[in-house]
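Visitor: I have a structure to look at today, and I would like to talk it through with you. Could we take it in questions and answers?

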Amino acid sequence: MLTPTHTSNFIGLAPIPIFTIDPDSLQLEYANARFLAVMNKSLDEILKLNFHDIFGQNLSSVTSDFLLQLKNTSNHDTIPVQIPDLESSIAPFSNYSYFANRLVEATGKLKIAVWLIAKNVPATKQDTSIASPTPAYQEPGKEMPSTMEPAVKPPTIEYVQVTEESPEITTEPLPIAKEDVQKSEAEGKQQTLAETWTQLEASREWFKNMVRSSPVPMLITKGEDMVFDVINNAMLHLIGRDSSVLGKPWFEAIPELVGQPVIDELFYAYRTGLTHHVPGVAISLIKNGEPALGYYDLTYTPLKINGKVIGLMQTATDITEHVTSKEKLLKAYEQIRLSKEAAQLGTFDMDMVTGHLQWDDRCRLLFGISHSNEVDFERDFLQNLHPEDLDRINAVLAYVFDKKASNGIYDVKYRTIGSEDKRLRWIRAKGQVYFDANDKPLRFIGSVLDITEQKEDEQRKNDFIGMASHELKTPLTSINSYLQLLQYLASLQSEDKMLTAIDKSLNQVKRMIRMIDGFLNVSRLESGKIAIDKQQFEITGLLKEVCEETLMLTTGYDVKLRLADEVMVYADRSKLNQVLQNLIGNAIKYSILGSEVNIQYVVDQSHITISVIDKGIGIKPEHQQKLFDRYYRVENDSTIAGFGIGLYLCAEIVTRHQGKIWVESEFGKGSTFSFSIPLSTAS
């Protein structure tokens with residue numbers, strides 16, 4: 001049975017946070033320096049704290065029953081067992097699992113020791129780099145070198161040290177509590193706790209049991225040959241050995257360590273008597289006959305008698321998964337960085353709660369900003385937008401911040417006027433808004449791309465198309481006039497065959513004129529030369545006109561219009577006429593002769609939705625989202641002509657009315673094209 005000194009000695013030497021509590025009041029009575037470092041408090045500050053005060057939660061019935069059972073067990077000293085249902089939500093305690101064992105002192109006083117075991121402990125903060133592995137080992141059966149001991153030298157890997165002369169902390173708290181030193185001095189013993197090996201030997205079996213039962217991999221070696229004296233199962237599993245290594249020096253127990261830097265650290269601790277921590281060291285071990293490279297956090301604590309080192313207590317934490325994950329993450333970040341640089345992407349990140357906005361250097365450049373000061377949404381984003389795009393982008397943002405409407409998806413093109421260089425740039429921005437449980441926006445992140453050159457190329461192309469289309473209309477107008485004259489003369493002479501040929505020619509000319517008009521409209525639209533002239537009018541009258549005109553020009557199709565009450569809208573009548581003619585014309589074009597085409601509408605409080613329904617060939621799902629792209633044509637066996645500009649024009653006109661357009665279709669069964677625009681409220 002341990003004396004109080006023995007109990008605190010072991011707890012003080014332990015390389016993990018441990019504290020003891022009174023089993024009745026559950027008040028803290030003692031803690032080692034590791035636990036004090038976790039709390040960032042002194043021992044006097046935390047004495048008499050209650051167990052649940054430390055972890056920020058009331059004890060569950062399971063935990064209470066566990067502590068009661070531990071208190072009432074008949075064994076004097078138990079091995080540590082994990083405490084059930086103990087999970088703290090307070091940092092840093094949320095990073096640990098908790099074990100407890102029962103301790104009875106010589107006075108008969110009962111204590112419960114609580115052990116904090118880190119969950120997948122990463123390398124410490126001072127571990128800014130990982131040592132390069134130098135795997136080397138001595139094959140069994142081969143002659144060992146005459147001396148296996150490296151010269152005493154400062155380790156090449158960063159370490160935390162404790163000197164004999166002073167218990168003060170250098171870069172990390174000592175594994176031995178300062179209060180323990182004071183206790184020893186009060187008893188007239190001018191020695192540090194690292195010199196208590198004699199007392200620990202008096203309770204050797206208890207000490208060995210504590211090491212063996214520790215969840216942390218632990219090893220006790222004795223003598224300068226580092227003979228394996230005590231080792232627990234966790235350490236045996238870590239090094240890939242069994243209990244046959246006991247009684248062997250390190251170079252026989254783990255011969256592959258010969259030549260690896262970790263041995264320098266081992267002998268440095270023994271020769272100098274300094275306790276130190278070696279973070280993130282690379283070690284190659286032979287496991288199952290194969291070399292396996294791993295990364296470990298190591299702690300060496302010299303054990304002394306009268307100031308002379310007689311052995312080492314060694315602990316290890318396997319952080320291989322953490323290191324490899326970190327390396328993979330760094331590699332992924334590097335790939336993203338290179339891809340971002342290659343694509344010349346800029347990034348933005350906005351905290352929607354605080355309004356804090358972050359731009360990278362590329363994003364700043366696209367808005368003509370050269371300074372590195374904090375950016376502001378109003379000053380640096382909105383004020384640098386092209387005046388003609390400001391209202392549209394504000395409307396887009398309002399839509400994106402509405403989760404039900406947009407699901408937070410952001411994809412828009414706009415122009416910027418550089419804050420400092422006053423240069424006009426075209427930007428394509430894509431992003432995502434993230435929302436809380438109440439659908440309020442929390443964070444807005446995304447990327448921006450300079451598409452100025454692309455837009456300038458498009459403008460040059462549109463200018464050419466517009467010029468060519470305009471020039472083509474002149475000869476076509478003349479051809480149309482000549483054909484009409486020939487048609488008149490042929491009718492006077494009753495030349496039926498000639499009339500048929502002329503009628504077909506006139507139809508082809510009309511078709512060509514419609515295509516040229518389409519190209520002209522695209523050119524004018526993208527050049528900003530087509531204005532949306534909104535007026536208040538009754539849209540059901542427009543629907544009647546379009547249907548009557550369709551019936552006059554088309555035979556063999558049943559076009560039906562379902563009308564209800566009159567509906568007033570604030571829109572451009574002629575532009576909506578184009579949209580309706582295009583949708584109805586497509587419905588007829590892609591349906592077999594005799595098919596039915598239905599036109600219907602529904603009205604809600606703020607919008608009217610008009611639908612054109614056909615029973616034609618339908619559209620495959622993979623084509624539906626692209627139908628409204630400029631020049632997009634569905635590739636199939638159909639010989640139906642077109643350049644893919646009709647639906648694009650429809651989408652642009654509807655969008656400029658602050659509306660939306662979409663399609664629902666089943667291949668082989670038909671399609672429904674719908675568009676929705678606001679009612680009579682002027683915008």
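Guide: Happy to, and one definition will help us first: a residue is called buried under 20% relative accessible area, exposed over 50%, and partly exposed in between. Please keep in mind that this is a predicted model.

Visitor: Thanks! Then let me try that on a salt bridge: is R656 buried, partly exposed or exposed?

Guide: The relative accessible area of R656 is 32%. Buried requires a value under 20% and exposed a value over 50%. R656 fits neither of these, so it counts as partly exposed.

Visitor: Which residue does R656 pair with in a salt bridge?

Guide: The closest N and O atoms of the pair are 3.7 Å apart, and the cut-off for a salt bridge is 4 Å. The partner has a relative accessibility of 23%, so it is partly exposed. That partner is E652.

Visitor: How many salt bridges are there in the whole structure?

Guide: Besides the pair of R656 and E652, there are salt bridges that share partners, and these join E388, D389, R392 and R415 into one network. A search of the whole structure brings the count to 19.

Visitor: Let me pick D389 and R392 from that network. About how many helical turns separate D389 and R392?

Guide: Their side chains meet in a salt bridge, at 3.4 Å from N to O. Both sit in helix α15, which covers residues 387–400, and they are three residues apart there. Because of that spacing, the separation is about one helical turn.

Visitor: Which residue of the D389 and R392 pair is buried?

Guide: R392 has 35% relative accessibility, so it counts as partly exposed. Its partner has 4%, which puts it in the buried class. The buried residue is D389.

Visitor: And for the salt bridge between R425 and D421, which residue is partly exposed?

Guide: The side chains of R425 and D421 meet at 2.7 Å, N to O. R425 has a relative accessibility of 3%, so it is buried. The other residue has a relative accessible area of 40%, so the partly exposed one is D421.

Visitor: Let's turn to the nonpolar interior. Which residues touch the most other members of the largest nonpolar core?

Guide: This core has 45 residues. Strand β5, residues 110–118, gives the most to it, with six residues. The core also draws at least three residues from each of domain 1 (7–118) and domain 2 (206–324). The residues that touch the most other members are F19, F35, F93 and Y98.

Visitor: How many residues are in the second, separate core?

Guide: Its members include V569, I608, F673 and L679. The number of residues in this second core is 38.

Visitor: Back to F35: which residues does F35 touch, not counting residues up to four places away in sequence?

Guide: F35 is among the residues that touch the most other members of the largest core. With the residues up to four places away set aside, F35 touches P17, I18, F19, L28, I46, I54, F93 and L116.

Visitor: Which residue's side chain has a polar atom 3.0 Å from the backbone nitrogen of F35?

Guide: The residue is found in the loop between β2 (28–31) and α2 (33–39). With 0% relative accessibility, it counts as buried. It is N32.

Visitor: What distance separates the C-alpha atoms of A14 and A33?

Guide: A14 lies in the loop between α1 (4–13) and β1 (18–21). At 4% relative accessibility, A14 is buried. A14 and A33 are 19 residues apart along the chain, and their C-alpha atoms are separated by 9.4 Å.

Visitor: In which strand is S97 placed?

Guide: S97 has 17% relative accessibility, so it counts as buried. Leaving aside neighbours within four places in sequence, S97 is in contact with Q82, W115, L116, I117 and K119. Its place is in residues 96–104, strand β4.

Visitor: How many disulfides does a search of the whole structure find?

Guide: Two cysteines to look at are C363, which is buried at 1% relative accessibility, and C650, which is buried at 3%. A disulfide is a covalent bond between the sulfur atoms of two cysteines. The number found in the whole structure is zero.

Visitor: One more: what percentage of the residues in the protein is buried?

Guide: The protein's secondary structure comes to 22 helices and 22 strands. Among contacts between residues at least 6 apart in sequence, 59% join residues at least 24 apart. Of the 683 residues, the buried share is 44%.

Technical notes:
Residues numbered from 1 in each chain as written. Predicted model: local features only at pLDDT ≥ 70, side-chain atom pairs only at ≥ 80, totals over all residues. Heavy atoms only, no water. Core = buried A, V, L, I, M, F, W, Y, C linked by side-chain atoms within 4.5 Å. Buried < 20%, exposed > 50% of the residue type's maximum accessible area, 1.4 Å probe, protein only. Helix = DSSP H or I, 4+ residues; strand = E, 2+ residues; numbered from the N terminus. Domains from an automatic or database assignment. Contact = heavy atoms within 4.5 Å. Polar contact = N/O pair within 3.5 Å; in protein donor to acceptor, adjacent residues only side chain to side chain. Disulfide = S-S within 2.5 Å.
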